[in-house]
Amino acid sequence: MMNEFTQVLTIAGSDSDGSAGAQADLKTFMARGVYGMSVLTAAVAGNSYGIHDSVNMPISFIKSQIKDIKDDFKVSAFKTGMLSDSEIIHTIAEEIKDGSFGTFVLDPVIITKHGAMLLEEEAYQTLIDELFPLADLITPNFYEAKKLSGLELNTKEEIVKAAHKLRDLGPKNIMIKGEHADDSLDYVEDFVLLEDGQSFWISEPYIKTDHVNGTGDTLSSSIVAEMAKGSSMEEAIRISKTFTYRAIKNEIDVGHKFGPINHFIHDEL
């Protein structure tokens with residue numbers, strides 16, 4: 001008798017070194033015990049030293065990938081990652097608004113964890129206008145939350161205020177990831193605002209390491225996996241925060257500079 005597996009999806013770019021993007025998502029899905037599928041929006045040529053080339057997938061090919069997933073599989077939850085331009089963002093919004101892929105976690109890949117802008121202004125606005133209102137959860141990093149809210153986020157009170165401002169943009173739930181580019185930190189603290197108005201802080205110890213590629217991808221895809229398995233939003237976030245912390249803490253030696261985190265963490269959380 002065959003086992004029926006919970007099925008999930010990532011709509012993201014391909015990272016050739018396997019540390020981030022769809023590759024990190026698929027590794028996370030496997031580690032969290034769900035069957036993962038992917039729709040590729042772009043492909044990046046890079047390694048642990050950096051990104052050296054990239055190409056967007058044709059719109060027709062993106063649509064074909066989504067159609068084939070819809071025609072055959074029962075997707076319970078999904079996420080989006082890197083969506084490079086306005087046309088791709090608009091295409092994804094049109095293709096997913098029927099709700100056929102279930103719970104939607106949007107990782108707004110706008111600014112790097114070090115503060116470098118990744119999207120042009122037009123694409124940034126399209127993301128907010130067309131995808132934010134469809135999202136069950138958005139997971140902006142510290143710099144993305146600063147830009148989206150227009151606040152400096154120097155205090156916890158400002159972070160709480162920012163979360164409410166972000167929810168006014170349409171997403172049901174907000175998770176603002178704490179700053180983690182400062183080696184003087186003892187903890188990385190995230191703030192979560194839930195659809196019902198409840199909120200909480202969640203933290204794990206700060207780990208000083210160059211092996212942090214794919215942390216945002218891993219966190220969001222773990223939340224997708226846990227939601228698909230039936231966890232509440234709060235449970236999924238808490239489990240995924242711990243899983244991501246353990247993946248950072250238990251380093252693996254891959255690459256010569258900025259390496260991946262460790263997805264071989266299979267213990268129960």
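**Group meeting: overall build and one cavity**

The accessible surface of the protein comes to about 12600 Å², and 49% of that belongs to carbon and sulfur atoms; areas are by the Shrake-Rupley method with a 1.4 Å probe, and for residues only the protein chains shown count as cover. This is a predicted model, where local features need pLDDT of at least 70 and side-chain atom pairs pLDDT 80 or more, while totals for chains, interfaces and linings use all residues. Residues are numbered from 1 along each chain as its sequence is written, and side-chain values use heavy atoms, without hydrogens and water.

Now the build. The protein has eight helices and nine strands, which are DSSP runs (H or I, at least four residues; E, at least two) numbered from the N terminus. Of its 269 residues, 51% are buried, meaning under 20% relative accessible area with a 1.4 Å probe, protein chains only. The C-alpha trace spans about 50 × 40 × 40 Å along the principal axes.

Next, empty space. Searching the whole structure gives one cavity of 30 Å³ or more; a cavity is a set of points on a 1 Å grid, over the protein atoms alone, where a 1.4 Å probe fits but cannot get out. The largest cavity holds about 50 Å³, a volume being the space filled by probe spheres set on points joined across faces, edges and corners.

What lines the largest cavity? Its lining includes Thr80, Met82, Asp107 and Leu127, where lining residues have an atom within 4 Å of a point. The lining divides into eight nonpolar, two polar and one charged residue.

How values were computed. On a 1 Å grid over the protein atoms alone, a cavity is a set of points where a 1.4 Å probe fits but cannot get out, and a pocket is an open set with protein on both sides within 12 Å along at least five of seven lines; lining residues have an atom within 4 Å of a point. Ala, Val, Leu, Ile, Met, Phe, Trp, Tyr, Cys and Pro count as nonpolar, Asp, Glu, Lys and Arg as charged, and the others, Gly among them, as polar. Buried means under 20% relative accessible area, exposed over 50%, partly exposed in between (1.4 Å probe, protein chains only).
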